Amino acid sequence: MAEKSKNLFIGGTGYIGKYLVEASAQSGHPTFLLVRESTLSNPEKSTVIGKFKTLGVRFLTVSSNSSLRGLQGDLYDHESLVKAIRQVDVVISTVGYAQLLDQVRIISAIKEAGNIKRFLPSEFGSDVDHVNAVEPAKTAFASKAKVRRAIESEGIPFTYVSSNLFNGIFLATLTQLGTTAPPRDKVVIFGDGNPKGKHPTNASAG
Ligand SMILES: NC(=O)c1ccc[n+]([C@@H]2O[C@H](COP(=O)([O-])OP(=O)(O)OC[C@H]3O[C@@H](n4cnc5c(N)ncnc54)[C@H](OP(=O)(O)O)[C@@H]3O)[C@@H](O)[C@H]2O)c1
């Protein structure tokens with residue numbers, strides 16, 4: 001039987017990341033998580049961290065450079081990133097909206113490490129090369145497309161996972177951003193209200 005790839009997650013304690021980390025560990029992949037010390041000690045994250053521990057997920061936080069104290073396990077600490085990446089075969093990013101463009105830091109660390117067989121950037125939504133989005137999605141999709149082009153120009157093997165909209169998040173609020181319950185007075189329709197929805201589900205790879 002083929003050896004299971006060693007998977008490194010960046011952003012694995014987030015909304016989507018936690019499911020992927022769990023699935024990776026449960027499928028028998030040696031599973032690593034780049035995680036900030038502040039996250040490990042955050043009471044709100046204790047349930048997910050506890051679950052990961054029971055699944056044998058390995059937490060990568062420590063940098064050998066003591067001057068980086070407080071930055072260990074952070075996407076913005078190049079040394080932590082390269083050190084973590086050198087220990088695995090596959091890198092899976094599930095960082096959130098605010099860090100999408102900063103995935104160029106992961107790309108440059110992957111290039112420096114030189115050992116990665118496949119990179120999955122933070123996608124898990126629409127296929128950003130094949131949709132005509134309206135704001136506010138348009139800007140996020142443009143960031144994801146920019147990251148795709150950076151991966152391709154560096155020649156890093158990739159898989160882009162396009163899984164469309166998660167109704168568990170958006171249906172309950174009728175896609176009204178910043179709300180937690182369906183609005184009772186009015187619903188904002190994005191764009192001019194005429195774009196048609198398409199539902200291809202796929203993963204593209206190169
Ligand atoms: N298809 C859909 O309907 C849908 C819905 C939601 C999201 N998505 C997509 O899924 C992807 C993930 O989104 P999400 O909502 O799951 O993200 P999220 O919940 O915001 O999680 C972001 C993760 O990144 C970590 N992080 C933040 N800053 C970091 C840093 N400086 N260094 C290291 N880690 C850092 C966070 O750590 P902490 O745990 O410390 O915060 C967290 O684990 C995005 O591409 C998003 O567009 C798709």
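**Note on the fold and cores of the chain**

1. Among contacts in the chain between residues at least 6 apart in sequence, 69% join residues at least 24 apart. This figure, like those that follow, comes from a predicted model.

2. As for secondary structure, the chain holds seven helices and seven strands, and when read along the sequence these are arranged in the pattern β-α-β-α-α-β-α-β-α-β-α-β-α-β.

3. On overall dimensions, a compact globule of 206 residues would have a radius of gyration near 17 Å, and because the chain has 18 Å, the two values agree. The C-alpha trace spans about 55 × 40 × 40 Å along its principal axes.

4. The largest nonpolar core comprises 26 residues, and those with the most contacts inside this core are L8, I85 and V91. At least two residues each are supplied by strand 1 (7-10), strand 2 (31-34), helix 4 (78-85), helix 5 (104-113) and helix 6 (137-154), with helix 5 giving the most, namely five residues.

5. V91 deserves its own entry: leaving aside residues up to four places away in sequence, V91 touches L8, I10, I85, I106, I110, I116, R118, F119 and L120. Apart from the largest core lies another core, of 13 residues, which includes A25, V48, I49 and F52.

6. Turning to burial and surface, 37% of the 206 residues of the chain count as buried, while the accessible surface comes to about 11600 Å², of which 55% belongs to carbon and sulfur atoms.

7. Regarding charge, the chain carries 24 positive and 18 negative charges, and the mean positions of these two sets are 3 Å apart.

Technical notes:
Residues numbered from 1 in each chain as written. Predicted model: local features only at pLDDT ≥ 70, side-chain atom pairs only at ≥ 80, totals over all residues. Heavy atoms only, no water. Core = buried A, V, L, I, M, F, W, Y, C linked by side-chain atoms within 4.5 Å. Buried < 20%, exposed > 50% of the residue type's maximum accessible area, 1.4 Å probe, protein only. Helix = DSSP H or I, 4+ residues; strand = E, 2+ residues; numbered from the N terminus. Contact = heavy atoms within 4.5 Å. Rg over C-alpha atoms; globule rule 2.2 N^0.38 Å. Areas by Shrake-Rupley, 256 points an atom, 1.4 Å probe, with all protein chains shown as cover. Lys, Arg positive; Asp, Glu negative; His and termini not counted. Charge placed at Lys NZ, Arg CZ, Asp CG, Glu CD.
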